[in-house]
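Reader: Could you walk me through this structure, starting with how it was obtained and then taking a few parts in turn?

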Amino acid sequence: MRRLSLIFMLVLLACCIRPAAAERVVVSLSNHRVAVTSSFVGEDLVLFGTIEPNQPRAALRPPYNLVVTVTGPRETLRTRRKQRVLGIWVNVDSREFVRVPSYLSVLSNLPIAEIAAPDVLRRLQIGLNNFLLPQRIGPDIADTVPEDPFRVAFTRLETQSGLYRESATAVTFLTPTVFRAAIPVPANVPTGNYLIDVMLFSDGALVARTNSALEVTKTGFEQYVADSARDYGLLYGLVTTLMALLTGWFASVVFARD
Amino acid sequence: MQIYLPIADLPVNIFLIFGMGLAVGFISGMFGIGGGFLMTPLLIFIGISPAVAVASVSSHIAASSFTGAMTYWRKRAIDIALALMLLSAGIVGTATGVWLFTFLRAVDQLDLMIGLSYVTLLTVVGALMIYESLQAELRTLKGMPAMLRRPGSHTWLHRLPFKVRFKRSKIYVSAIPVWAIGFIIGFVGAIMGIGGGFLLVPMLIYFLRVPTATVIGTSMVLTLVTMAAATVMHASTNHLVDAVLALILMVGGVIGAQFGARTGQRMRGERLRLLLGLLVFAVGLRFAYELVVQPDDLFSLRHVRRE
């Protein structure tokens, strides 16, 4: 009996020593800094990555699915609804979206509904319908159901302007363990820090997660103008007015000859 | 060629903006107006937010009216005393306008207010101008003098107290209507991003009986100062003046204005007023259409603040 239990323990030990299946994701972004210059018309960044064993002899469990969520700096927006009042269309109702991402891209290799179960997607905030978008409703701040008309309108408008997107084709697997993700940075992106959250799924479960970051900054002249307009409003206004007067004066001198 | 606008935060085609400046400048030179009532809607149409459009156009109008004012100054066709009196009220009007602009923006009714003011002002002024110039055309056809000026006719406006004499314009009127007109022009200018030239010229002619010789030059001085003041105030309160956008617009605008002025001088005054009336009326109808017809999207977004 004593011997039997010893054998049992040895078997148990052997099982524990055998490497468990675990993987990690290593990613690299083509460019960590997007510079908004006077010729900026948007840019496409590429995120490359590989899936590799966590420990030297760990087993891999393909096929893998990947979801990349990119979020921009937070901002507060108001969604307004028009209604006909006395024959004209007036904003009658509005809802404030508090500290929501100004940019939100959910990129994956399959439609997210096929990657994991709805409750997993909701818990991990994957997809435009599951991402937490808190609204100010009376004294409370809370997210609503995805079918809420203001929430639907908000994500629709942000998608139309190119700042929100959900793409099931943006991630491609080059081999079962090497992937690339195309991150679109449209021309109207706000400046600031962006977080890239990479989540790896196998058989509907989250198996590895990593993150990266990128920065969108105005540079040179664009930054100078934007900063002066914000920090030195009065001086900025005076200089703009002076510029207007000079332009006007210059034109009248040039054209007064004939 | 695309250029990124630092305040409007979007890239635009530099030639498109320049072309718009040129075209509106041509019209403004031709009719002796600022052209803001055309430029602001055009900018909104190409995707610039109404608030940035209104704020930036004011500096564009300042540039084109300065060119015009210098030309009239050389011709000694500016009544400085009248302009100064209109101005003292105009600045107050502009400040009130910028304050209301900020307030309406906060309560989500700015777009509506801009739309409503455009509809009311443009259709009414346009219709009056069409009516008046058509009557003048008819009188010309019958062989009568086109301009029916009644120098002796006095209205109730002339019976108000605080009478002031304006030597250059050869008028003797109460200061109250002068202040009122100045206030209205400064006010609507700040709210609507227009210089108000198309409003001021008829007001000066019909209410104060300012002679045609000095009316346009004086109106341009007023437009210049109210728009310069509006630029400074918009820049320091709302931080929404896009200097890059304004520069492209004003360069196009002042060139266009020179050619427009030459075309305008070859046309008869009544014909010119009829054309301007039709233009003003058409823009007014366009705004009315937008307010009355159901919009494609009932929802819209507004940025409150960055975190």
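Author: What follows covers a sheet, a core residue and a helix. This is a predicted model, in which local features need pLDDT of at least 70, side-chain atom pairs count only at pLDDT 80 or more, and totals for chains, interfaces and linings use all residues. Residues are numbered from 1 along each chain as its sequence is written, while chains are lettered from A and ligands numbered from 1 in the order in which they are written.

Reader: Okay, in what order do the six strands of the open sheet in chain A run?

Author: The order is S2-S14-S13-S4-S7-S10, with mixed pairing; strands are DSSP runs of E of at least two residues, helices are runs of H or I of at least four, both numbered from the N terminus, and two strands pair if DSSP finds at least two bridges between them.

Reader: And which strands stand at the edges?

Author: Strands S2 (33-36) and S10 (164-167) of chain A do, each with a single partner strand, so one side of each has no neighbour in the sheet. S10(A) runs parallel to S7 (residues 104-108) of chain A and is joined to it by four bridges, with A:Leu107 partnered by A:Ser167.

Reader: Switching topic, what does A:Val67 touch?

Author: Leaving out residues up to four places away in sequence, its contacts include A:Val106, A:Ile126 and A:Phe201, where contact means C-beta atoms, placed from the backbone, within 7 Å.

Reader: Last one: is H3(B) buried or exposed?

Author: Of its 25 residues, 21 are buried, so H3(B) is largely enclosed by the rest of the structure; buried means 20 or more other C-beta atoms within 10 Å of the residue's own, these atoms being placed from the backbone.

Conventions: Contact = placed C-beta atoms within 7 Å. Buried ≥ 20, exposed ≤ 12 C-beta atoms within 10 Å, placed from the backbone.
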